[in-house]
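Please open the structure in your viewer and keep the selection tool at hand. This tour goes from one stop to the next, telling you what to select and what is found there.

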Amino acid sequence: MMVHVPKVLAAEQVAYCRHALDEAEWIDGKATVGEQGALVKRNRQLPELSPVAKQLGEMILVALSKNSLFFSAALPLRTVPPLFNRYEGGERYGTHIDGAVRAVPGTSFFIRTDLSSTLFLSEPSEYEGGELVVFDTYGKQEVKLAAGDLVLYPAGSLHRVNPVTQGQRTCAIFWTQSMVPDNQQRELLFGFDATIQSLRRKQGESDETVALAGHYHNLLRLWTQV
Ligand code: NI
């Protein structure tokens with residue numbers, strides 16, 4: 001399941017990121033991939049430990065920590081600091097799968113990558129091509145979102161970025177280890193939570209919504225691994 005999380009960053013935060021990224025030094029995107037990725041990855045990215053990447057990454061993680069839709073969909077336990085990448089002049093990232101385990105840069109920690117996120121920092125009108133294409137259980141999904149919006153998808157999905165034939169596409173990408181590793185269980189909890197929230201909006205809190213919240217938390221308690 002793919003989840004569109006709108007407006008993770010406000011317009012002024014996007015503008016701030018874009019300005020900082022335009023001033024930054026970019027390196028070959030092959031720096032952070034394994035052998036298979038190196039064959040198909042054609043883009044540029046910020047060095048992982050560069051001050052700009054750290055500062056903007058922190059801003060994104062703070063924004064995510066306040067985003068209830070991201071929390072409900074991802075049930076995040078840990079999220080690696082975002083990477084920033086840029087595609088132009090026909091650059092692309094061919095079909096690949098993200099590594100299952102990732103080192104957290106600058107630490108001795110690892111996370112299991114349950115979920116991948118792409119946060120768009122360019123407006124769709126700024127470039128041609130550059131769709132994120134994800135092969136999920138419902139077939140091929142093509143994604144190109146407004147600047148500041150994010151798409152979340154299971155990290156075990158094959159995916160690619162189509163060639164950017166005009167303009168420039170800038171994104172932040174990152175991985176999350178979820179408290180609920182199983183995709184089906186997490187999706188069920190996400191649907192359950194959305195239904196409770198919708199019931200609350202329609203009829204306020206009731207004995208039934210309190211009981212349903214209890215069932216939700218008992219399922220989460222059963223399936224969570226923290
Ligand atoms: Ni990838």
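How many bridges join β12 to strand β15? Select residues 158–161, which form β15, together with β12, and you will be looking at two strands that run antiparallel and are joined by four bridges. Please keep in mind throughout the tour that this is a predicted model.

**Stop 1: strand β12 and its partners**

Stay with β12, which covers residues 132–136, and colour its residues by accessibility: four of the five are buried, so the strand is largely enclosed by the rest of the structure. Now add β13 to the selection, and you will find that β12 and β13 pair in the antiparallel sense over five bridges, while a hairpin of two residues joins β12 to β13. A good residue to click on is Val134, because it has a partner on each of two strands: Gln141 is its bridge partner in β13, and His159 in β15 stands opposite Val134.

**Stop 2: the whole sheet**

Widen the selection to the open sheet of five strands, whose order is β3-β7-β15-β12-β13 and whose pairing is antiparallel. At the edges stand β3 (41–42) and β13 (139–143), each with a single partner strand, so one side of each is left without a neighbour in the sheet. The partner of β3 is strand β7, residues 92–96, which runs antiparallel to β3 and is joined to β3 by two bridges. If you select Lys41 here, you will see that Tyr93 in β7 stands opposite Lys41.

**Stop 3: Thr118 and Arg169**

Next select Thr118, which has its place in strand β10, residues 115–120. Is Thr118 buried or exposed? With a relative accessible area of 4%, Thr118 is buried, and leaving aside residues up to four places away in sequence, Thr118 touches several others, among them Leu132, Asp149, Tyr153 and Arg169.

Follow that contact to Arg169, which is placed in strand β16, residues 164–178. Arg169 counts as buried, at 2% relative accessibility. Beyond residues up to four places away in sequence, the residues that Arg169 touches include Asn85, Tyr87, Thr118, Tyr127 and Val161. You can also draw a distance between the C-alpha atoms of Arg169 and Leu121, which are 48 residues apart along the chain and yet are separated by 7.6 Å.

**Stop 4: two residues with positive phi**

Which two residues should you select for this stop? The first is Lys7, a residue other than glycine whose phi has a positive value, near 50 degrees. Lys7 sits in the loop between β1 (3–5) and α1 (11–23), and at 70% relative accessibility Lys7 counts as exposed.

Then go to Leu75, which also has a positive phi although it is not glycine, with a value near 45 degrees. The loop between α4 (68–74) and β5 (76–79) is where Leu75 lies, and Leu75 counts as buried, at 0% relative accessibility.

**Stop 5: the two domains**

Colour the chain by domain, with domain 1 covering 3–178 and domain 2 covering 183–223. The centres of domain 1 and domain 2, taken over C-alpha atoms, are separated by 29 Å, and the contact takes 10 residues from domain 1 and seven residues from domain 2. About 660 Å² is buried between the two domains, and carbon and sulfur atoms give 61% of this area. On the side of domain 1, Leu75 comes up again, for Ser72, Leu75 and Pro154 lose the most area to domain 2, together 58% of what that side buries.

**Stop 6: helix α6**

Finish with helix α6, residues 207–223, and draw a distance between its end C-alpha atoms: they are 25 Å apart, which agrees with the 24 Å that 17 residues should span at 1.5 Å a residue. Now select Thr209, Ala213, Tyr216, Leu220 and Trp223, which are buried in α6. These residues cover an arc of only 95 degrees around the axis, which puts them on the same side of α6. An α-helix has 3.6 residues a turn, so residues three or four places apart point the same way. The buried residues of α6 pack against α5 (183–203), whereas Asp207, Glu208, Arg221 and Leu222 are exposed on the other side of α6.

Technical notes:
Residues numbered from 1 in each chain as written. Predicted model: local features only at pLDDT ≥ 70, side-chain atom pairs only at ≥ 80, totals over all residues. Heavy atoms only, no water. Pairing = 2+ DSSP bridges. Expected span 1.5 Å × (residues − 1). Buried < 20%, exposed > 50% of the residue type's maximum accessible area, 1.4 Å probe, protein only. Arc of directions from axis to C-beta. Contact = heavy atoms within 4.5 Å. Domains from an automatic or database assignment. Buried area = accessible area lost by both parts, 1.4 Å probe.
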